[in-house]
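Biologist: Please take one helix and look at it closely, beginning with the residue that comes after it. Then go on to the parts of the model that help to place it.

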Amino acid sequence: NDLDKGTYPYYMAKEMDEQPAVIRKIIQSYQNEAGNLEIDQAIVAKLTASDRIYIVACGTSYNAGWVGKQLLETLTHIPTEVHLASEFGHNMPLLTKKPFFIFLSQSGETADSRQVLVKVNDMNYPALTLTNVAGSTLSREAEFTLLLHAGPEIAVASTKAYTAQIAVLAILAEVVGKTVGLSEENNIIHDLGIVASSMESILSEKEQIEKLATDYLSTTRNAFYIGRGIDYYVAMEASLKLKEVSYVQTEGFAAGELKHGTIALIEEGTPVIAVITDERIAGHTRGNVQEVHARGAHTIVIVMEGLEQAGDQFILPKVNPLLSPLVSVVPTQLLAYYTSLHRGNDVDKPRNLAKSVTVE
Ligand code: G6P
């Protein structure tokens, strides 16, 4: 029974562990008999004809959207914007002539996202919903649907749906890219396979993360995640996860922006967790780690293999840099989980939060 926690104390623990299997299931689900990736031709046609992609979502799905933007722009060269549903509907930006909308929603029931979809449908623009729930409202009401195949997600804090959204967006981006003659040398099927194995190896090192949570986060009042580019997008999700389940006041920052204000909050012992997976900006983020370290912060560095330095706390197995969020987010999910556990919270049902929010 999918809904059974089995030997896990919390659904969140089970759902984090399911991620490698979910990635493999996604590869399988989007592969045709010849072993090639396949996406509904009508979706690909509308996307290649569009001049801009608008990603609309809330919460964790919104954070996945930023990684999706990176994937779509890199692999398809179609400019992509990411918007909060609750803002977009009431303060719509000027749209381009041929927009294509992507709604990201684990549940497919989020009211904030739905009110935008209703407007998009009224304007007759194409819309695609990526959701975990076949037959959900956002799936039924959008012209197109792609399923996440993550299996039911019960814990309020989303983990496997985030990684599933990124994996499906990567597949979509590669298929569209190849259709327009780009990203021909890419092999996302192969690279996602490596991601799944890498996730497994991270998940087998839980004790190491649990120790970091105990040492740095179990009594702190606040904490910061920093990163640049794709690592910043992960920092946003990592901080949302930590604050949701542990109630530690946490923000994710573009590493270079911290010094323009928030650095005022760094005190002796404030945890600052840096995510570093992108070679091109690793040196810059290192500089920001130094800045906060010099002001007393407890720094934790989560770094991609090949970029590590002595003293770094967690090394991630090497994967395609474009897919790095799929692995770098896993230790941050575990950090949130163990911090919540140690603080005695109900990990699966954080106060004031609901799994799906059906009011605006
Ligand atoms: C709620 C949940 C979040 C989720 C957000 C968007 O606020 O607590 O975990 O990310 O809704 O949900 P959706 O189902 O649209 O992805």
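Modeller: H6 is followed by asparagine 124, and the phi of asparagine 124 is positive, near 65°. The model is predicted, and the values here should be read that way.

Helix H6 itself covers residues 111-122, twelve residues in all. From its first C-alpha to its last H6 reaches 17 Å, close to the 16 Å expected at 1.5 Å a residue. The buried residues of H6 are Asp112, Ser113, Arg114, Val116, Leu117 and Val120. An α-helix has 3.6 residues a turn, so residues three or four places apart point the same way. The cover over the buried residues of H6 includes three strands, E1 (52-57), E3 (99-105) and E4 (127-131). Helices H5 (85-88) and H7 (137-141) are also part of that cover.

Helix H4 can be set beside H6. Its 18 residues should span 26 Å at 1.5 Å a residue, and the end C-alpha atoms of H4 are 25 Å apart, which agrees. Of the 18 residues of H4, 16 are buried, so H4 is largely enclosed by the rest of the structure. Glycine 65 lies in H4 and is one of the buried positions, because 29 other C-beta atoms lie within 10 Å. Leaving aside neighbours within four places in sequence, glycine 65 is in contact with Ile55, Ala57, Val82 and Leu104. Glycine 65 and threonine 80 are 15 residues apart in sequence, with 9.7 Å between their C-alpha atoms.

H4, too, is followed by a residue with positive phi: histidine 77, near 60°. Histidine 77 sits in the loop between H4 and strand E2 (80-84). With 13 C-beta neighbours inside 10 Å, histidine 77 counts as partly exposed. Histidine 149 is not a glycine either, and has a positive phi of about 55°. The loop that holds histidine 149 runs between strand E5 (144-147) and H8. Histidine 149 is partly exposed, because 19 other C-beta atoms lie within 10 Å and 20 would be needed to call a residue buried.

H4 also takes part in the shell around the ligand. It gives that shell its largest share, three residues. The shell has 16 residues, and those that come nearest to the ligand are Gly59, Thr60, Ser105, Ser107 and Thr110. By class, five of the shell residues are nonpolar, ten polar and one charged.

The interior comes next. The largest nonpolar core has 120 residues, and Phe103, Ala167, Val168, Ala170, Ala274 and Tyr337 have the most contacts inside it. Helix H8 (residues 160-179) supplies the largest share of this core, 13 residues. Not counting residues up to four places away in sequence, valine 168 touches Ile26, Leu130, Leu146 and Leu148.

Strand E8 (residues 271-276) has six of its six residues buried, so E8 is largely enclosed by the rest of the structure. Pro271, Ile273 and Val275 are buried on one side of E8, and Val272, Ala274 and Ile276 on the other. E8 pairs with strand E6 (residues 222-227) in the parallel sense over three bridges, and phenylalanine 224 stands opposite valine 272. E8 also pairs with strand E9 (residues 298-304), again in the parallel sense, over six bridges. In that pairing, isoleucine 273 stands opposite isoleucine 300.

Note on methods. Residues numbered from 1 in each chain as written. Predicted model: local features only at pLDDT ≥ 70, side-chain atom pairs only at ≥ 80, totals over all residues. Near = placed C-beta within 6 Å. Helix = DSSP H or I, 4+ residues; strand = E, 2+ residues; numbered from the N terminus. Nonpolar A, V, L, I, M, F, W, Y, C, P; charged D, E, K, R; others polar. Core = buried A, V, L, I, M, F, W, Y, C linked by C-beta atoms within 7 Å. Buried ≥ 20, exposed ≤ 12 C-beta atoms within 10 Å, placed from the backbone. Contact = placed C-beta atoms within 7 Å. Expected span 1.5 Å × (residues − 1). Pairing = 2+ DSSP bridges.
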